[in-house]
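User: I'm new to this structure and would like a close look at how its inside is packed. Please take me through it slowly, in one go.

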Amino acid sequence: METEKKSFWKSGHTPTLLSAFLYFDMSFMVWVMIGPLAVVIAADYPMDPLQKAQLVALPILGGSILRLVLGALTDYIGPKLTGQIGMVFTLIPLVIGWQFVHSLDQLYIVALLLGIAGASFAAALPLAGQWYPKEHQGLAMGIAGAGNSGTVISTLFANRIAQHFGSWEVVFGLAIIPISVVFILFTLFARNSPHRPAPKKMSQYASVLRQGDAWVFCLFYAVTFGGFIGLSNYLTIFFNAQYGLSAVRAADFTTLCVIAGSFFRPLGGYLSDRFGGIRMLTVLYCGAGIMLALVAPMPPLAAVIVILFVGMMCLGAGNGAVFQLVPQRFGSELGLMTGIVGAAGGLGGYALPMLLGKLYQMTGSYTPGFVCLSGVVLLALGLLVVMQLRWRSTWASAAPIAPLPGRLDA
(Lines give C-alpha, C1' and ligand atoms only; values in the text may rest on other atoms or scores of the structure.)
Protein backbone atom coordinates (compact mmCIF):
# COMPACT_ATOMS: atom_id res chain seq x y z
CA MET A 1 0.00 0.00 0.00
CA GLU A 2 1.12 3.56 -0.67
CA THR A 3 0.90 4.61 2.96
CA GLU A 4 3.26 1.81 3.90
CA LYS A 5 5.93 3.27 1.60
CA LYS A 6 5.82 6.76 3.11
CA SER A 7 8.39 7.81 5.68
CA PHE A 8 7.18 8.77 9.12
CA TRP A 9 7.51 12.52 8.51
CA LYS A 10 5.53 12.32 5.26
CA SER A 11 2.76 10.09 6.54
CA GLY A 12 1.09 12.49 8.99
CA HIS A 13 0.87 16.18 9.95
CA THR A 14 4.02 17.46 11.65
CA PRO A 15 2.62 20.80 12.93
CA THR A 16 -0.15 18.92 14.73
CA LEU A 17 2.30 16.40 16.14
CA LEU A 18 4.51 19.17 17.53
CA SER A 19 1.48 21.08 18.83
CA ALA A 20 0.30 17.97 20.65
CA PHE A 21 3.77 17.57 22.14
CA LEU A 22 3.90 21.18 23.38
CA TYR A 23 0.38 21.00 24.82
CA PHE A 24 1.19 17.79 26.66
CA ASP A 25 4.62 19.08 27.72
CA MET A 26 3.41 22.29 29.37
CA SER A 27 0.38 20.58 30.85
CA PHE A 28 2.60 17.90 32.33
CA MET A 29 4.86 20.57 33.78
CA VAL A 30 1.87 22.06 35.60
CA TRP A 31 0.47 18.68 36.62
CA VAL A 32 3.55 17.61 38.57
CA MET A 33 4.58 20.99 40.04
CA ILE A 34 3.55 20.10 43.58
CA GLY A 35 5.83 17.04 43.57
CA PRO A 36 9.15 18.89 43.79
CA LEU A 37 7.57 21.79 45.71
CA ALA A 38 6.27 19.51 48.49
CA VAL A 39 9.46 19.77 50.53
CA VAL A 40 9.38 23.59 50.28
CA ILE A 41 5.65 23.76 51.03
CA ALA A 42 6.18 21.63 54.15
CA ALA A 43 8.08 24.56 55.68
CA ASP A 44 4.83 26.58 55.63
CA TYR A 45 2.45 23.69 56.27
CA PRO A 46 4.12 20.93 58.36
CA MET A 47 3.00 17.48 57.21
CA ASP A 48 3.56 13.89 58.28
CA PRO A 49 4.75 11.36 55.64
CA LEU A 50 1.22 10.33 54.69
CA GLN A 51 0.06 13.93 54.29
CA LYS A 52 3.01 14.65 52.00
CA ALA A 53 2.14 11.58 49.96
CA GLN A 54 -1.48 12.71 49.78
CA LEU A 55 -0.46 16.17 48.56
CA VAL A 56 1.65 14.86 45.67
CA ALA A 57 -0.84 12.10 44.84
CA LEU A 58 -3.96 14.29 44.54
CA PRO A 59 -3.01 15.87 41.18
CA ILE A 60 -2.57 12.37 39.79
CA LEU A 61 -5.98 11.31 41.11
CA GLY A 62 -7.59 14.40 39.58
CA GLY A 63 -5.91 13.72 36.26
CA SER A 64 -7.04 10.11 36.34
CA ILE A 65 -10.70 11.04 36.80
CA LEU A 66 -10.68 13.91 34.32
CA ARG A 67 -8.99 11.87 31.61
CA LEU A 68 -12.25 10.00 31.24
CA VAL A 69 -14.03 13.32 30.74
CA LEU A 70 -11.51 14.62 28.21
CA GLY A 71 -11.44 11.24 26.51
CA ALA A 72 -15.20 11.46 25.93
CA LEU A 73 -14.93 15.09 24.78
CA THR A 74 -12.17 14.13 22.37
CA ASP A 75 -14.47 11.55 20.86
CA TYR A 76 -17.43 13.94 20.51
CA ILE A 77 -16.02 17.41 19.79
CA GLY A 78 -12.53 16.52 18.56
CA PRO A 79 -9.11 16.56 20.21
CA LYS A 80 -8.20 20.13 19.19
CA LEU A 81 -11.18 21.83 20.85
CA THR A 82 -10.83 19.50 23.83
CA GLY A 83 -7.19 20.56 24.21
CA GLN A 84 -8.11 24.23 24.04
CA ILE A 85 -10.76 23.77 26.74
CA GLY A 86 -8.26 21.85 28.87
CA MET A 87 -5.68 24.63 28.73
CA VAL A 88 -8.22 27.32 29.64
CA PHE A 89 -9.38 25.38 32.68
CA THR A 90 -5.77 24.63 33.68
CA LEU A 91 -5.44 28.33 34.50
CA ILE A 92 -7.94 27.99 37.37
CA PRO A 93 -5.74 26.06 39.86
CA LEU A 94 -2.73 28.16 38.83
CA VAL A 95 -4.49 31.39 39.74
CA ILE A 96 -5.86 29.93 42.99
CA GLY A 97 -2.46 28.53 43.99
CA TRP A 98 -0.79 31.84 43.21
CA GLN A 99 -3.16 34.14 45.10
CA PHE A 100 -5.71 32.34 47.26
CA VAL A 101 -4.16 29.48 49.28
CA HIS A 102 -4.05 30.06 53.04
CA SER A 103 -4.32 26.54 54.48
CA LEU A 104 -3.31 22.95 53.78
CA ASP A 105 -6.93 22.02 53.00
CA GLN A 106 -7.09 24.73 50.35
CA LEU A 107 -3.81 23.46 48.92
CA TYR A 108 -5.31 19.97 48.68
CA ILE A 109 -8.11 21.44 46.54
CA VAL A 110 -5.57 23.12 44.26
CA ALA A 111 -3.64 19.85 44.01
CA LEU A 112 -6.77 17.99 42.93
CA LEU A 113 -7.64 20.66 40.34
CA LEU A 114 -4.16 20.38 38.82
CA GLY A 115 -5.49 17.10 37.47
CA ILE A 116 -7.07 19.18 34.68
CA ALA A 117 -3.56 19.55 33.25
CA GLY A 118 -2.87 15.84 33.66
CA ALA A 119 -6.00 15.00 31.67
CA SER A 120 -4.33 16.55 28.60
CA PHE A 121 -3.11 13.07 27.75
CA ALA A 122 -6.61 12.09 26.58
CA ALA A 123 -6.62 14.83 23.92
CA ALA A 124 -2.96 15.17 22.94
CA LEU A 125 -2.34 11.55 21.99
CA PRO A 126 -5.41 11.06 19.79
CA LEU A 127 -4.76 14.46 18.17
CA ALA A 128 -1.35 13.21 17.05
CA GLY A 129 -2.05 9.51 16.61
CA GLN A 130 -5.11 9.86 14.36
CA TRP A 131 -2.93 11.46 11.66
CA TYR A 132 -0.61 8.44 11.32
CA PRO A 133 -0.99 4.95 9.83
CA LYS A 134 -0.63 1.95 12.10
CA GLU A 135 2.97 1.22 11.13
CA HIS A 136 3.97 4.62 12.55
CA GLN A 137 1.56 4.75 15.50
CA GLY A 138 4.19 3.79 18.08
CA LEU A 139 6.57 6.60 17.12
CA ALA A 140 3.81 9.20 16.72
CA MET A 141 2.27 8.39 20.07
CA GLY A 142 5.75 8.24 21.58
CA ILE A 143 6.68 11.72 20.34
CA ALA A 144 3.43 13.24 21.54
CA GLY A 145 3.69 11.30 24.79
CA ALA A 146 7.25 12.54 25.29
CA GLY A 147 5.52 15.66 26.53
CA ASN A 148 5.86 14.01 29.91
CA SER A 149 9.29 15.64 29.73
CA GLY A 150 7.47 18.62 31.20
CA THR A 151 8.19 16.87 34.47
CA VAL A 152 11.85 17.75 33.96
CA ILE A 153 11.01 21.46 33.79
CA SER A 154 9.19 21.28 37.12
CA THR A 155 11.78 19.22 38.97
CA LEU A 156 14.65 21.34 37.64
CA PHE A 157 13.21 24.83 38.10
CA ALA A 158 10.25 24.86 40.52
CA ASN A 159 12.28 24.78 43.73
CA ARG A 160 14.91 27.14 42.34
CA ILE A 161 12.24 29.69 41.45
CA ALA A 162 10.63 29.29 44.88
CA GLN A 163 14.03 29.76 46.54
CA HIS A 164 14.88 32.81 44.40
CA PHE A 165 11.61 34.62 45.10
CA GLY A 166 11.25 33.32 48.64
CA SER A 167 7.78 32.02 47.82
CA TRP A 168 6.47 28.78 46.35
CA GLU A 169 3.22 30.53 45.34
CA VAL A 170 4.99 32.54 42.65
CA VAL A 171 5.75 29.30 40.79
CA PHE A 172 2.02 28.90 40.15
CA GLY A 173 1.78 32.46 38.84
CA LEU A 174 4.72 32.14 36.47
CA ALA A 175 3.34 28.86 35.07
CA ILE A 176 0.44 30.82 33.59
CA ILE A 177 2.82 32.30 30.98
CA PRO A 178 3.90 29.11 29.13
CA ILE A 179 0.38 27.69 29.22
CA SER A 180 -0.93 30.87 27.57
CA VAL A 181 1.81 30.85 24.91
CA VAL A 182 1.20 27.20 24.04
CA PHE A 183 -2.55 27.85 23.85
CA ILE A 184 -1.90 30.41 21.09
CA LEU A 185 0.50 28.13 19.17
CA PHE A 186 -1.84 25.18 19.56
CA THR A 187 -4.77 27.21 18.25
CA LEU A 188 -2.78 28.33 15.22
CA PHE A 189 -1.10 25.10 14.13
CA ALA A 190 -3.01 22.04 15.44
CA ARG A 191 -5.57 20.40 13.16
CA ASN A 192 -7.95 17.51 13.67
CA SER A 193 -7.24 14.54 11.41
CA PRO A 194 -9.65 14.07 8.49
CA HIS A 195 -9.61 10.39 9.44
CA ARG A 196 -11.01 11.03 12.91
CA PRO A 197 -13.52 8.30 13.81
CA ALA A 198 -17.18 9.24 14.22
CA PRO A 199 -18.38 9.80 17.81
CA LYS A 200 -19.35 6.66 19.67
CA LYS A 201 -22.65 5.97 21.39
CA MET A 202 -22.77 5.25 25.11
CA SER A 203 -23.56 1.64 24.30
CA GLN A 204 -20.26 1.42 22.42
CA TYR A 205 -18.42 2.78 25.46
CA ALA A 206 -19.95 0.02 27.55
CA SER A 207 -19.11 -2.51 24.88
CA VAL A 208 -15.42 -1.61 25.02
CA LEU A 209 -15.35 -1.93 28.79
CA ARG A 210 -16.88 -5.37 28.54
CA GLN A 211 -13.83 -6.55 26.63
CA GLY A 212 -11.20 -8.13 28.83
CA ASP A 213 -8.34 -6.74 26.75
CA ALA A 214 -9.36 -3.19 27.69
CA TRP A 215 -8.87 -3.97 31.38
CA VAL A 216 -5.58 -5.72 30.68
CA PHE A 217 -4.22 -2.62 28.93
CA CYS A 218 -5.46 -0.54 31.85
CA LEU A 219 -3.46 -2.67 34.25
CA PHE A 220 -0.35 -2.59 32.06
CA TYR A 221 -0.46 1.20 31.84
CA ALA A 222 -1.21 1.56 35.54
CA VAL A 223 2.15 -0.12 36.08
CA THR A 224 4.26 1.69 33.47
CA PHE A 225 2.77 5.19 33.51
CA GLY A 226 1.64 4.92 37.12
CA GLY A 227 5.16 3.96 38.10
CA PHE A 228 6.67 6.81 36.11
CA ILE A 229 4.36 9.61 37.25
CA GLY A 230 4.10 8.33 40.82
CA LEU A 231 7.87 8.23 41.24
CA SER A 232 8.26 11.56 39.43
CA ASN A 233 6.03 13.20 42.02
CA TYR A 234 7.43 11.37 45.04
CA LEU A 235 11.19 11.06 44.49
CA THR A 236 11.97 14.56 45.78
CA ILE A 237 10.34 13.59 49.09
CA PHE A 238 12.20 10.25 49.01
CA PHE A 239 15.64 11.82 48.46
CA ASN A 240 14.95 14.44 51.12
CA ALA A 241 13.75 11.96 53.77
CA GLN A 242 16.08 9.03 53.02
CA TYR A 243 19.31 10.83 52.12
CA GLY A 244 18.84 14.21 53.84
CA LEU A 245 19.15 16.27 50.66
CA SER A 246 17.94 19.87 50.42
CA ALA A 247 14.77 20.61 48.45
CA VAL A 248 16.71 21.87 45.41
CA ARG A 249 19.28 19.06 45.46
CA ALA A 250 16.60 16.39 45.94
CA ALA A 251 14.66 17.79 42.97
CA ASP A 252 17.86 17.85 40.87
CA PHE A 253 18.42 14.13 41.41
CA THR A 254 14.75 13.53 40.69
CA THR A 255 15.29 15.36 37.40
CA LEU A 256 18.00 12.91 36.39
CA CYS A 257 15.63 10.00 36.95
CA VAL A 258 12.71 11.72 35.24
CA ILE A 259 14.81 12.48 32.14
CA ALA A 260 15.23 8.76 31.60
CA GLY A 261 11.51 8.05 31.73
CA SER A 262 10.57 11.03 29.59
CA PHE A 263 13.02 10.78 26.73
CA PHE A 264 12.94 7.00 26.40
CA ARG A 265 9.18 6.99 25.79
CA PRO A 266 9.53 7.75 22.05
CA LEU A 267 12.28 5.14 21.83
CA GLY A 268 9.94 2.63 23.40
CA GLY A 269 7.34 3.42 20.75
CA TYR A 270 9.88 3.24 17.93
CA LEU A 271 11.38 -0.07 19.08
CA SER A 272 7.89 -1.47 19.52
CA ASP A 273 7.10 -0.54 15.91
CA ARG A 274 10.28 -2.34 14.89
CA PHE A 275 10.33 -5.40 17.13
CA GLY A 276 6.80 -5.69 18.48
CA GLY A 277 5.12 -4.10 21.47
CA ILE A 278 4.70 -7.33 23.39
CA ARG A 279 8.34 -8.28 23.06
CA MET A 280 9.48 -4.82 24.15
CA LEU A 281 7.07 -4.65 27.08
CA THR A 282 8.28 -8.03 28.31
CA VAL A 283 11.89 -6.85 28.38
CA LEU A 284 10.97 -3.51 29.96
CA TYR A 285 8.87 -5.07 32.73
CA CYS A 286 11.79 -7.35 33.57
CA GLY A 287 14.14 -4.39 33.78
CA ALA A 288 11.80 -2.23 35.87
CA GLY A 289 11.01 -5.04 38.30
CA ILE A 290 14.69 -5.78 38.89
CA MET A 291 15.63 -2.12 39.33
CA LEU A 292 12.88 -1.45 41.88
CA ALA A 293 13.96 -4.53 43.82
CA LEU A 294 17.54 -3.19 43.88
CA VAL A 295 16.35 0.08 45.42
CA ALA A 296 14.78 -1.75 48.36
CA PRO A 297 18.03 -2.29 50.36
CA MET A 298 18.58 1.51 50.21
CA PRO A 299 22.05 1.50 48.58
CA PRO A 300 24.33 4.56 48.64
CA LEU A 301 23.01 7.69 46.92
CA ALA A 302 25.19 7.36 43.80
CA ALA A 303 24.07 3.77 43.27
CA VAL A 304 20.38 4.45 43.87
CA ILE A 305 20.41 7.28 41.31
CA VAL A 306 21.81 4.95 38.65
CA ILE A 307 19.32 2.22 39.57
CA LEU A 308 16.35 4.59 39.50
CA PHE A 309 17.57 6.09 36.21
CA VAL A 310 17.48 2.65 34.56
CA GLY A 311 14.20 1.76 36.24
CA MET A 312 12.52 4.98 35.11
CA MET A 313 13.95 4.43 31.63
CA CYS A 314 12.21 1.06 31.50
CA LEU A 315 8.92 2.50 32.76
CA GLY A 316 9.03 5.43 30.32
CA ALA A 317 9.82 3.20 27.34
CA GLY A 318 7.09 0.87 28.59
CA ASN A 319 4.58 3.70 28.21
CA GLY A 320 5.51 3.91 24.54
CA ALA A 321 5.24 0.13 24.16
CA VAL A 322 1.75 0.01 25.67
CA PHE A 323 0.53 2.75 23.35
CA GLN A 324 2.02 1.03 20.36
CA LEU A 325 -0.26 -1.91 21.18
CA VAL A 326 -3.46 0.00 22.00
CA PRO A 327 -4.10 1.28 18.42
CA GLN A 328 -3.48 -2.23 17.07
CA ARG A 329 -6.25 -3.65 19.24
CA PHE A 330 -8.61 -0.67 19.52
CA GLY A 331 -7.86 1.47 16.47
CA SER A 332 -11.43 2.69 15.90
CA GLU A 333 -11.88 3.51 19.60
CA LEU A 334 -8.51 5.21 20.08
CA GLY A 335 -9.86 8.40 21.66
CA LEU A 336 -12.03 6.45 24.06
CA MET A 337 -9.32 3.95 24.94
CA THR A 338 -6.74 6.69 25.41
CA GLY A 339 -8.96 8.23 28.07
CA ILE A 340 -9.73 4.92 29.77
CA VAL A 341 -6.18 3.57 29.73
CA GLY A 342 -4.80 6.99 30.69
CA ALA A 343 -7.17 7.11 33.65
CA ALA A 344 -5.91 3.73 34.79
CA GLY A 345 -2.34 5.00 34.52
CA GLY A 346 -3.29 7.93 36.73
CA LEU A 347 -4.82 5.64 39.34
CA GLY A 348 -1.58 3.67 39.42
CA GLY A 349 0.31 6.93 39.87
CA TYR A 350 -2.00 7.94 42.73
CA ALA A 351 -1.55 4.60 44.50
CA LEU A 352 2.26 4.63 44.36
CA PRO A 353 2.97 7.69 46.57
CA MET A 354 0.22 6.64 48.97
CA LEU A 355 1.78 3.18 49.29
CA LEU A 356 5.30 4.51 49.82
CA GLY A 357 4.13 7.20 52.25
CA LYS A 358 1.94 4.87 54.30
CA LEU A 359 4.55 2.12 54.60
CA TYR A 360 7.25 4.65 55.45
CA GLN A 361 5.05 6.12 58.19
CA MET A 362 4.32 2.63 59.56
CA THR A 363 7.83 1.18 59.39
CA GLY A 364 10.22 4.15 59.19
CA SER A 365 11.74 2.58 56.07
CA TYR A 366 11.18 2.72 52.32
CA THR A 367 12.31 -0.89 51.87
CA PRO A 368 8.83 -2.49 52.17
CA GLY A 369 7.40 0.00 49.69
CA PHE A 370 9.96 -0.71 46.96
CA VAL A 371 9.64 -4.46 47.52
CA CYS A 372 5.90 -4.10 46.92
CA LEU A 373 6.45 -1.99 43.79
CA SER A 374 8.83 -4.56 42.35
CA GLY A 375 6.31 -7.31 43.05
CA VAL A 376 3.55 -5.42 41.22
CA VAL A 377 5.72 -5.01 38.12
CA LEU A 378 6.62 -8.69 38.09
CA LEU A 379 2.96 -9.65 38.45
CA ALA A 380 2.20 -7.50 35.39
CA LEU A 381 4.99 -9.33 33.56
CA GLY A 382 3.38 -12.65 34.40
CA LEU A 383 0.02 -11.46 33.07
CA LEU A 384 1.67 -10.24 29.86
CA VAL A 385 3.27 -13.65 29.30
CA VAL A 386 -0.13 -15.32 29.69
CA MET A 387 -2.00 -12.82 27.48
CA GLN A 388 0.46 -12.93 24.60
CA LEU A 389 -0.28 -16.62 24.14
CA ARG A 390 -3.82 -15.64 23.11
CA TRP A 391 -2.99 -12.38 21.37
CA ARG A 392 -0.42 -13.87 19.02
CA SER A 393 -3.14 -15.99 17.40
CA THR A 394 -5.63 -13.11 17.05
CA TRP A 395 -5.12 -9.36 16.53
CA ALA A 396 -1.36 -9.28 17.29
CA SER A 397 -0.66 -11.58 14.35
CA ALA A 398 -1.62 -8.73 12.00
CA ALA A 399 0.43 -6.01 13.73
CA PRO A 400 2.39 -4.02 11.10
CA ILE A 401 5.94 -4.50 12.34
CA ALA A 402 9.14 -5.74 10.79
CA PRO A 403 9.25 -9.57 10.65
CA LEU A 404 11.49 -11.17 13.21
CA PRO A 405 11.93 -14.92 13.60
CA GLY A 406 10.18 -16.17 16.69
CA ARG A 407 8.86 -12.81 17.88
CA LEU A 408 6.29 -13.07 20.64
CA ASP A 409 3.59 -11.03 18.95
CA ALA A 410 3.60 -12.68 15.53
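Analyst: Let's start with a word you'll need throughout: a residue is buried when its relative accessible area is under 20%, exposed when it is over 50%, and partly exposed in between. Keep in mind, too, that this is a predicted model.

Now try that word on helix 18, which runs over residues 301-329. Of its 29 residues, 21 are buried, so helix 18 is largely enclosed by the rest of the structure. Its length works out as well: at 1.5 Å a residue the helix should span 42 Å, and its end C-alpha atoms are indeed 42 Å apart.

Just ahead of it is a spot worth a pause. Met298 sits in the loop between helix 17 (277-295) and helix 18. Its phi is near 55°, a positive value in a residue other than glycine. With a relative accessible area of 15%, Met298 falls under the 20% cut-off, so it is buried even though it belongs to a loop.

Met298 also leads us to the core, by way of Phe370. Leaving aside neighbours within four places in sequence, Phe370 is in contact with Met298, and also with Leu231, Phe238, Leu292, Val295, Ala296, Leu308 and Leu356. Phe370 is one of the three residues, along with Phe238 and Phe239, that touch the most other members of the largest nonpolar core, a set of 130 residues. The biggest contributor to this core is helix 14, which gives 16 residues.

Phe239 takes us on to Thr254, which lies in helix 15 (residues 247-263). Not counting residues up to four places away in sequence, Thr254 touches Phe239, as well as Thr155, Ser232, Leu235 and Thr236. Its relative accessibility is 0%, so Thr254 counts as buried.

Helix 14 turns up again at the second largest pocket, whose volume is about 220 Å³. Three elements give two or more residues to its lining: helix 14 (212-243), helix 19 (334-363) and helix 20 (367-391). Helix 14 has the largest share, with five residues. There are 14 lining residues in total, and the ones that lie nearest the centre of the pocket are Ala222, Gly348, Leu352, Leu373 and Val376. Sorted by type, the lining has 11 nonpolar residues, three polar ones and no charged ones.

Next comes helix 6, residues 79-99. It has 21 residues and reaches 31 Å from its first C-alpha to its last, close to the 30 Å expected at 1.5 Å a residue. Its buried residues are Pro79, Lys80, Thr82, Gly83, Gln84, Gly86, Met87, Thr90, Pro93, Leu94 and Gly97. These pack against quite a list of partners: helix 3 (14-31), helix 5 (49-77), helix 7 (104-113), helix 8 (115-118), helix 9 (121-129) and helix 12 (169-189).

Three residues help you picture helix 6. Gly83 is buried, with a relative accessible area of 0%. Setting aside residues up to four places away in sequence, Gly83 touches Tyr23, Ala123 and Phe186. As for Phe239, which we met in the core, it is 156 residues from Gly83 in sequence and 34 Å from it in space, C-alpha to C-alpha. Further along helix 6, Thr90 has a relative accessibility of 2% and so counts as buried. Beyond its neighbours within four places in sequence, Thr90 is in contact with Val30, Ile116, Ala117 and Ile179. Ile85, also in helix 6, is partly exposed, with a relative accessible area of 31%. Ile85 and Pro126 are 41 residues apart in sequence, and their C-alpha atoms are 15 Å apart.

One last stop: Leu37 in helix 4 (residues 34-44). At 0% relative accessibility, Leu37 counts as buried. Apart from neighbours within four places in sequence, its contacts are Ala158, Asn159, Ala162, Trp168, Val171 and Phe172. Take Trp168: it is 131 residues from Leu37 along the chain, while the C-alpha atoms of the two are separated by 7.1 Å.

How values were computed. Residues numbered from 1 in each chain as written. Predicted model: local features only at pLDDT ≥ 70, side-chain atom pairs only at ≥ 80, totals over all residues. Heavy atoms only, no water. Helix = DSSP H or I, 4+ residues; strand = E, 2+ residues; numbered from the N terminus. Buried < 20%, exposed > 50% of the residue type's maximum accessible area, 1.4 Å probe, protein only. Contact = heavy atoms within 4.5 Å. 1 Å grid on protein atoms, 1.4 Å probe; cavity = no way out; pocket = protein on both sides within 12 Å on 5 of 7 lines; lining within 4 Å. Points joined across faces, edges and corners; volume = space filled by probe spheres on them. Nonpolar A, V, L, I, M, F, W, Y, C, P; charged D, E, K, R; others polar. Expected span 1.5 Å × (residues − 1). Core = buried A, V, L, I, M, F, W, Y, C linked by side-chain atoms within 4.5 Å.
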